[in-house]
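Please examine the sequence and the structure shown below. The report that follows describes selected parts of the fold under short headings.

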Amino acid sequence: MFLKFDNHQNQTFFMGKFFDTMLDQHQAFIQKQKMFFVATAPLSTSGHVNLSPKGMDCFKILSGNRVAYMDIIGSGNETSAHVLENGRITIMFCAFEGPPNILRLYGQGYTVLPTDAEWQELAPHFNLVLATRQIIVADVDMVQTSCGFSVPFYSYTGERDHAQKWAENKGADGLEAYKAEKNRVSLDGLPTALFLK
């Protein structure tokens with residue numbers, strides 16, 4: 001069931017519209033955004049739900065039902081652990097300028113590592129950086145748009161360079177040691193894809 005709201009200019013907005021694939025207007029909206037959010041969770045009801053913000057122009061649309069993003073090294077690796085266990089993933093984009101809009105992609109995700117054959121197919125889509133850890137792929141089975149009326153306006157002023165400087169300071173060997181220490185398991189002890197092979 002869709003809800004309808006009429007504003008003072010007699011325009012009509014429909015909330016909670018669902019689609020089987022990303023239409024051209026969805027893809028155009030996604031490509032304009034500088035930031036998105038990724039949510040995953042373990043199957044256990046006592047496990048921790050994870051929600052991560054992403055930037056750095058790391059998101060790519062591969063088809064109307066497949067997307068991927070370049071994931072860089074961080075202090076945790078929850079997304080990889082959760083999609084390895086159950087595949088569930090939700091990606092959300094918000095309009096921080098222009099007309100209000102929220103777009104969610106629901107689907108099944110998986111991790112692609114530099115040692116995987118699929119890496120050679122996916123890597124050319126990205127500007128890989130020293131801190132690149134993996135590529136997360138999502139096969140999208142449902143697209144949702146909603147109003148976004150309460151999302152505030154924000155202005156994009158640029159990307160932070162902290163991750164790149166941190167990675168350069170660590171060096172290749174230091175990054176591998178950091179992943180071995182911090183990225184093996186999730187907060188709930190689930191294994192990530194990084195050290196299964």
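## Phe-93 and its contacts

In this predicted model, Phe-93 is in contact with Phe-29, Ile-30, Gln-33, Met-35, Phe-36, Phe-59, Asn-101, Ile-102, Leu-103 and Leu-105, when its neighbours within four places in sequence are left aside.

## The nonpolar cores

Phe-93 also belongs to the largest nonpolar core, which has 31 residues. Phe-93 is among the residues with the most contacts inside this core, together with Phe-59, Val-67, Ile-91 and Leu-105. Two or more residues are given to the core by each of these elements: helix H1 (24-32), strand E4 (36-40), E6, E7, strand E8 (88-94), strand E9 (102-112), helix H3 (119-122) and strand E10 (132-146). E10 provides the largest share, namely six residues.

A second core, separate from this one, consists of six residues. Its members include Ile-72, Ile-73, Ala-131 and Ala-167.

## The pairing of E6 and E7

Strand E6 covers residues 59-63 and strand E7 covers residues 66-72. The two strands run antiparallel and are joined by four bridges. One bridge links Phe-59 to its partner in E7, Tyr-69. The connection between E6 and E7 is a hairpin of two residues.

## Asn-77 after strand E7

Asn-77 lies in the loop between E7 and helix H2 (78-85). Is this residue buried or exposed? Asn-77 has a relative accessible area of 2%, and because a value under 20% counts as buried, Asn-77 is classed as buried. Residues up to four places away in sequence not being counted, Asn-77 touches Asp-71, Arg-133, Gln-134, Asn-183, Thr-192 and Leu-194.

## The cysteines

How many disulfides does a search of the whole structure find? The search finds zero. Cys-58 is in no disulfide, and the nearest cysteine sulfur, that of Cys-94, is 15 Å away. A disulfide requires two cysteine sulfur atoms within 2.5 Å, so the distance of 15 Å places Cys-58 outside that limit. Cys-58 is buried, with a relative accessible area of 3%.

Cys-147 is likewise in no disulfide. For Cys-147, too, the nearest cysteine sulfur is that of Cys-94, here 11 Å away. Cys-147 counts as partly exposed, at 22% relative accessibility.

How values were computed
Residues numbered from 1 in each chain as written. Predicted model: local features only at pLDDT ≥ 70, side-chain atom pairs only at ≥ 80, totals over all residues. Heavy atoms only, no water. Pairing = 2+ DSSP bridges. Buried < 20%, exposed > 50% of the residue type's maximum accessible area, 1.4 Å probe, protein only. Contact = heavy atoms within 4.5 Å. Core = buried A, V, L, I, M, F, W, Y, C linked by side-chain atoms within 4.5 Å.
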